[in-house]
Amino acid sequence: MGREHEEQVRSWGFSHVFTWSDGPGLTTHLVVRGELTLWYPNEADREKRTYGPGARVDVDAGRVHEVWMGDEGCTYVIGE
């Protein structure tokens, strides 16, 4: 894992690529600047929700989710 996978993602046209690991359990995100949109594609309630500065966003371990960053990007603090 690592360099080979990062090169594959770069080949898809992304210039900012990194490898990240989260520990088990809940992670929380405090949005500081910008916004992010989150949804859970495998769940009945598939409504996309957008969060801005000051919002706390919790994601349970193993919960499949997708995230899009706003037009100005998003800065957030993660706790796990």
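This is the transcript of a short group-meeting presentation on the predicted model of a single chain.

Good morning. I shall begin with the overall layout and then move to individual residues. The structure is a predicted model, and every value I quote is computed from it.

The chain has one helix and four strands, and the elements follow the order α-β-β-β-β along the sequence. Its C-alpha atoms occupy a box of roughly 35 × 30 × 25 Å along the principal axes. Of the 80 residues, 21% count as buried. The accessible surface amounts to about 6100 Å², with carbon and sulfur atoms supplying 51% of that area. Among contacts with a sequence separation of 6 or more, 63% are made by residues 24 or more positions apart.

Let me turn to the strands, beginning with T37. This residue sits in strand β1. Is T37 buried or exposed? With a relative accessible area of 17%, T37 is buried, because the cut-off for that class is under 20%. Its side chain makes a polar contact with the side chain of T50, at 2.8 Å. Setting aside neighbours within four places in sequence, T37 is in contact with K48, R49, T50, E66, V67 and W68.

The last residue in that list, W68, brings me to the aromatic side chains. How many aromatic pairs does a search of the whole structure find? It finds one. The partners are W39 and W68, in a tilted arrangement, with 6.4 Å from centre to centre and 35° between the planes. Since W39 belongs to strand β1 and W68 to strand β4, residues 66-79, the pair ties together parts that are 29 residues apart in sequence. The two partners may also be described by their accessibility. W39 counts as buried at 15% relative accessibility, whereas W68 is partly exposed at 37%.

Further along strand β4 we come to T75. T75 is partly exposed, with a relative accessible area of 33%. Where T75 touches residues beyond four places away in sequence, these are L30, V31, V32 and R33. For R33, the C-alpha to C-alpha distance to T75 is 5.1 Å, while the two residues are 42 apart in sequence.

I now come to the charged side chains. The count of salt bridges is five, and I shall describe three of them individually.

One of them lies in helix α1. R10 and E7 form a salt bridge in which the closest N and O atoms are 3.2 Å apart. Why are R10 and E7 separated by about one helical turn? They are three residues apart in helix α1, and therefore about one turn lies between them. Both are partly exposed, R10 at 32% relative accessible area and E7 at 38%.

Another salt bridge joins the side chains of E43 and R63, at 2.8 Å from N to O. E43 lies in the loop between β1 and β2 (49-51), and R63 in the loop between β3 (56-59) and β4, so this pair ties together parts that are 20 residues apart in sequence. The relative accessible area is 28% for E43, which is partly exposed. R63 is likewise partly exposed, at 27%.

A further salt bridge connects E47 with R49, where the closest N and O atoms are 3.8 Å apart. These residues belong to a network of salt bridges that links D45, E47 and R49. E47 is partly exposed, with a relative accessible area of 47%, and R49 is also partly exposed, at 37%. R49 has already appeared among the contacts of T37.

Finally, I turn to the nonpolar part of the surface. Which residues make a nonpolar surface patch of about 360 Å²? F18, W20 and I78 do. W20 is placed in the loop between α1 (3-11) and β1 (27-39). At 54% relative accessibility, W20 counts as exposed, because that class begins at values over 50%.

To close, I return to two pairs. In this predicted model, the tryptophan pair W39 and W68 ties strand β1 to strand β4, and the salt bridge between E43 and R63 ties one loop to another. Thank you for your attention.

Definitions and conventions:
Residues are numbered from 1 along each chain as its sequence is written. This is a predicted model: local features need pLDDT of at least 70, side-chain atom pairs count only at pLDDT 80 or more; totals for chains, interfaces and linings use all residues. Side-chain values use heavy atoms; hydrogens and water are left out. Patches are made of residues with over 30% relative accessible area and no salt bridge: like charges are joined within 9 Å, nonpolar side chains (Val, Leu, Ile, Met, Phe, Trp, Tyr) within 5 Å. Accessible areas come from the Shrake-Rupley method with a 1.4 Å probe; for residues, only the protein chains shown count as cover. A salt bridge is a side-chain nitrogen of Lys or Arg within 4 Å of a carboxyl oxygen of Asp or Glu. Helices (H or I, at least four residues) and strands (E, at least two) are DSSP runs, numbered from the N terminus. Buried means under 20% relative accessible area, exposed over 50%, partly exposed in between (1.4 Å probe, protein chains only). A polar contact is a pair of N or O atoms within 3.5 Å; within protein, one must be able to donate a hydrogen and the other to accept it, and residues adjacent in sequence count only if both atoms are side-chain atoms. Contact means heavy atoms within 4.5 Å. Rings of Phe, Tyr and Trp (its six-membered ring) pair if their centres lie within 6.5 Å; planes under 30 degrees apart count as stacked, over 60 as edge-to-face and the rest as tilted.
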